[in-house]
Amino acid sequence: MKVAITGATGFVGSRLVERLHKEGNRILVLTRNTFSAQKLFPPGVFPNVEIVAYTPTESGSWQDAIAGCDGVVNLAGEPIAEERWTSGQKQKILNSRQLGTQKIVEAIAKANPQPSVLVSASAVGYYGTSETSTFDETSSSGNDFLAQVCQAWEVEAQKVRDAGVRLVILRLGIVLGNGGALDKMITPFKLFAGGPLGSGRQWLSWIHLDDLVNLILQALTNPEMQGVYNATAPHPARMAELSQTLGQVMQRPSWLPVPGFALEALLGDGAMVVLEGQQVMPQRTLESGFKYEYPDLLPALSQIIR
């Protein structure tokens with residue numbers, strides 16, 4: 001199997017490349033920074049990886065490289081919770097997903113031979129935020145900024161169906177692994193100053209990195225999978241539970257909360273990513289027969305932090 005991947009040098013994408021390569025597949029890495037990609041996937045170690053430079057929001061010769069791929073995994077997007085949400089940053093967040101997906105779909109549509117499947121990321125931010133509601137794949141969308149971004153993102157991905165290509169949209173929760181969001185959460189615990197962010201009542205719909213990679217592989221190879229699937233574990237947790245479990249695994253105190261205003265001072269509106277949340281259930285994912293290695297928080301964190 002040959003798979004094209006955007007966002008391949010990121011937290012999720014790099015693990016996916018490693019897994020696909022280990023299983024003998026060929027990988028086309030579409031990247032804005034070929035130097036970084038070559039350092040991450042050196043030819044001597046990753047002989048099955050082809051690296052192609054691309055500009056995500058622009059058409060170009062890079063699109064020709066899609067021809068001959070069996071599937072495409074679209075993971076690219078501007079980081080959401082690392083900078084203040086100025087009007088310019090909001091536009092970057094939207095464009096990287098909406099226009100980036102548009103150009104990938106454009107490439108797939110004109111490819112000959114054509115990939116048979118597009119696995120495109122979205123996010124549980126699609127549903128908006130709530131401390132009381134429960135969402136699954138049939139739930140309607142929210143109306144805040146992230147929900148609007150996810151809607152626009154998914155609309156572009158849906159257009160690949162016009163080319164007769166199977167589409168799987170994965171709405172990602174918080175991905176837990178060595179790196180990513182968990183690294184930022186762990187630092188205060190290492191300093192014996194850990195605790196919940198904000199009220200602690202907000203829901204975190206999470207998934208272990210290995211489960212997410214397994215789900216992406218299932219989406220690529222199972223022709224029965226079509227449409228939207230929540231990429232979250234079946235047991236979401238509130239922030240207070242996550243903090244308590246982190247403290248238990250790390251053998252550190254977990255009582256010192258980080259007040260919401262402190263995060264808002266750093267990130268402005270972007271603080272809502274961690275101060276607000278949603279309880280998301282992976283109903284269709286479970287119905288697809290997917291088997292989680294880490295359905296519960298304690299075993300997941302114990303595997304990561306060891």
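A cavity, as the word is used here, is a set of grid points where a 1.4 Å probe fits but cannot get out, and its lining residues have an atom within 4 Å of a point. In this predicted model, a search of the whole structure turns up 2 cavities of 30 Å³ or more.

The largest cavity holds about 40 Å³ of space. Its walls come from I174, L176, M185, L204, W206, A237, L242 and L297. Sorted by class, that makes 8 nonpolar residues, with no polar and no charged ones in the lining.

The second largest cavity, at about 30 Å³, has a mixed lining: 4 nonpolar and 5 polar residues, again with no charged ones. T6, Y54, P56, N74, A76, S96, G100, T101 and I104 line this second space. Helix α3 gives the most to that lining, with 4 residues.

The backbone has a couple of oddities to look at too. Most residues other than glycine have a negative phi, and most peptide bonds are trans. Against that background, N112 and P113 are joined by a cis peptide bond, with omega at about 0°. P113 sits in the loop that runs between α3 (87-110) and β5 (117-123).

The other oddity is Q251, which is not a glycine yet has a positive phi of about 55°. This residue lies in the loop between α7 (239-250) and α8 (260-267). Q251 counts as exposed, because its relative accessible area is 69% and the cut-off for exposed is over 50%.

Terms used. Residues numbered from 1 in each chain as written. Predicted model: local features only at pLDDT ≥ 70, side-chain atom pairs only at ≥ 80, totals over all residues. Heavy atoms only, no water. Helix = DSSP H or I, 4+ residues; strand = E, 2+ residues; numbered from the N terminus. Buried < 20%, exposed > 50% of the residue type's maximum accessible area, 1.4 Å probe, protein only. 1 Å grid on protein atoms, 1.4 Å probe; cavity = no way out; pocket = protein on both sides within 12 Å on 5 of 7 lines; lining within 4 Å. Points joined across faces, edges and corners; volume = space filled by probe spheres on them. Nonpolar A, V, L, I, M, F, W, Y, C, P; charged D, E, K, R; others polar.
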